[in-house]
Amino acid sequence: MDPMSPIDSFATALKRREIVGSFSVAYRTAELMRGALSGRFGSVQAALEFVRTAGKKLSAAQPLEVAAGNIVRRTLLIIREELATFQAGGGVDLPPETIKIPKAVPVQTSMLKYLMDETDEGARLDFSKPFGPVKNAILDAINELLEEIERTHDLIANQALEYIHSNEVIMTYGVSKTVERFLKAAAKKRRTFEVIVAETAPYYRGHDVALKLSSEDKERGDVAISTTLIPDSNIFAMMARVNKVIVGTHAVMANGGLIMPSGGHLLATAARQHSVPFVVLTGLFKLCPLYPHDQDQFNDLANPTHILDFSEDIAESVDVLNPLYDYVPPELVSQFITNTGGHNASYVYRLLQELYHPSDSQL
């Protein structure tokens, strides 16, 4: 079977929006990378080119689902790192813990040295080497990546007690399983607090969020949380009572800006006006090395029926826009909480250096 066939099928599913959401897209992409690299490639260069081509197809099929491109970039970095480990062992497949590889980008380095190092990479790594000797190491690393994605919700939820204190009032917006697990984890540890949920018009997904937070699940040990549902128009008025805002996000851009559900910018601006911390929960697989120079590129218009029904008389004389996402600039974000801990928005660039290779920013 053509190794590109599963990639093409997944790209079609993305284009038709049969698979949506950063978590689902990231996990499925990692599974596809593992399956594809289980096949035969003549050289490491051939494997790199295959992964890069697959990344281009997935990104072109659905540019809004940046998690697919992020996982492809992580896979490209894994291939480079395992090749470097193999070469450092003199061509012998040694255990990784027996080999010390200097980091590609030190914590403090000049831009000139950084650029020189990237220019000399081709001389350091021999991509013409056979793929077979590094194949198992690459597959093991991708399995670790899959485990990291799978454990993201739990790793972030384990930090809940560090950020949620007794008798606090927390506001949230949009649907996020990460936020739900985070709040439930704090409540399970007998931390008493109140949650205000904005209804997130025009889809009103906040109703489901409020119901889940206020429900008790004895099988999972979840405790009911005191929850208040408010219309989006009351966000600014209620913000004066809030201690912190905790939200999820669709993607985190290279400058620390967010791609959030429509209405997120309103929430972040209200929080800044009232000096309320705006905390974002996100897995590392949502960090994207692209810059939002054109914000429309990372947005799309949904069916306007949810705002104005076509049966209304006025519908023929007005244009109704229903954007799916908002861009939230990094200066409105107080802190990111990831599966590796808390970070400021200004630290995103460093996380990107650890997760991706600079030459893979543009697939």
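Which residue in β9 does Leu281 stand opposite? It is Ile337. Keep in mind that this is a predicted model, and let's use that pair as a way in.

## Around β7, β9 and β10

Strand β7 covers residues 278-281, and β9 covers residues 335-338. The two run parallel and are joined by 3 bridges. On β9 there is another pairing to look at: 3 bridges link β9 to β10, residues 341-343, and here the strands run antiparallel. Thr338 stands opposite Gly341 of β10. To get from β9 to β10, the chain makes a hairpin through 2 residues.

Thr282 is worth a stop too. You'll find Thr282 in the loop between β7 and β8. Is Thr282 buried or exposed? With a relative accessible area of 1%, Thr282 is buried. Leaving aside residues up to four places away in sequence, Thr282 touches Ile156, Thr249, Val252, Leu287, Phe336, Ile337, Thr338 and Asn339. Ile337 is the residue we met opposite Leu281, and Thr338 is the one facing Gly341.

## The sheet with β5, β6 and β8

Another piece to pick out is an open sheet of 3 strands, in the order β5-β6-β8, with antiparallel pairing. At its edges stand β5 (251-252) and β8 (325-328); each has a single partner strand, so one side of each is left without a neighbour in the sheet. Helix α13, residues 264-273, packs on this sheet and touches β6 and β8. The direction of α13 makes about 35 degrees with that of β8.

Now for the pairings themselves. β5 and β6 (residues 258-261) are joined by 2 bridges, and Val252 has Leu258 in β6 as its bridge partner. Between β6 and β8 there are 4 bridges, again in the antiparallel sense. One pair to look for there is Met260 with Asp326 in β8.

Although β8 is an edge strand, both of its faces are covered. Tyr325 and Tyr327 are buried on one side, and Asp326 and Val328 are buried on the other.

## Helices that pack together

Time for some helices. Here are three of them, with the distance from first C-alpha to last set beside the span expected at 1.5 Å a residue.

| Helix | Residues in helix | End-to-end reach | Expected span |
|---|---|---|---|
| α3 | 18 residues | 26 Å | 26 Å |
| α4 | 23 residues | 33 Å | 33 Å |
| α7 | 19 residues | 28 Å | 27 Å |

Start with α3, residues 44-61. Its buried residues are Val44, Ala47, Leu48, Phe50, Val51, Arg52, Ala54, Gly55, Leu58 and Ala61. An α-helix has 3.6 residues a turn, so residues three or four places apart point the same way. The buried residues of α3 pack against α1 (5-15), α2 (22-37), α4 and α7 (132-150).

How do α3 and α4 sit together? They pack at an angle of about 170 degrees, with their axes 9 Å apart, and are therefore roughly antiparallel to each other. From α3, the contact uses Val44, Ala47, Leu48, Val51, Arg52, Gly55, Leu58 and Ser59. From α4 come Ala68, Gly69, Val72, Thr75, Leu76, Ile79, Arg80 and Leu83. Helix α4 (residues 66-88) is mostly covered, with 20 of its 23 residues buried.

Then there's the pair α2 and α7. Their axes lie 10 Å apart, and the packing angle is about 165 degrees. That makes α2 and α7 roughly antiparallel to each other, and their crossing is left-handed. Among the α2 residues in this contact are Phe23, Tyr27, Met33 and Leu37, while the α7 side includes Ile138, Ile142, Leu146 and Ile149. Those four α7 residues are buried as well. The cover over the buried residues of α7 includes α2, α3, α4 and α8 (152-157).

## One exposed residue

Finally, look at Asn167, in the loop between α9 (160-163) and β1 (168-172). At 65% relative accessibility, Asn167 counts as exposed. Not counting residues up to four places away in sequence, Asn167 touches Thr192, Phe193 and Asn243. How far is Asn167 from Arg52 in space, C-alpha to C-alpha? The two are 50 Å apart, and 115 residues separate them in sequence.

Definitions and conventions. Residues are numbered from 1 along each chain as its sequence is written. This is a predicted model: local features need pLDDT of at least 70, side-chain atom pairs count only at pLDDT 80 or more; totals for chains, interfaces and linings use all residues. Side-chain values use heavy atoms; hydrogens and water are left out. Two strands pair if DSSP finds at least two bridges between them. Contact means heavy atoms within 4.5 Å. Axes are lines fitted to C-alpha atoms, for helices over the stretch in contact, and angles run from 0 to 180 degrees between N-to-C directions. The expected span of a helix is 1.5 Å times one less than its number of residues. Buried means under 20% relative accessible area, exposed over 50%, partly exposed in between (1.4 Å probe, protein chains only). Angles under 35 degrees count as roughly parallel, over 145 as roughly antiparallel, 65 to 115 as roughly perpendicular and the rest as oblique. A crossing is left-handed if the near helix is turned anticlockwise from the far one by less than a right angle, and right-handed if clockwise.
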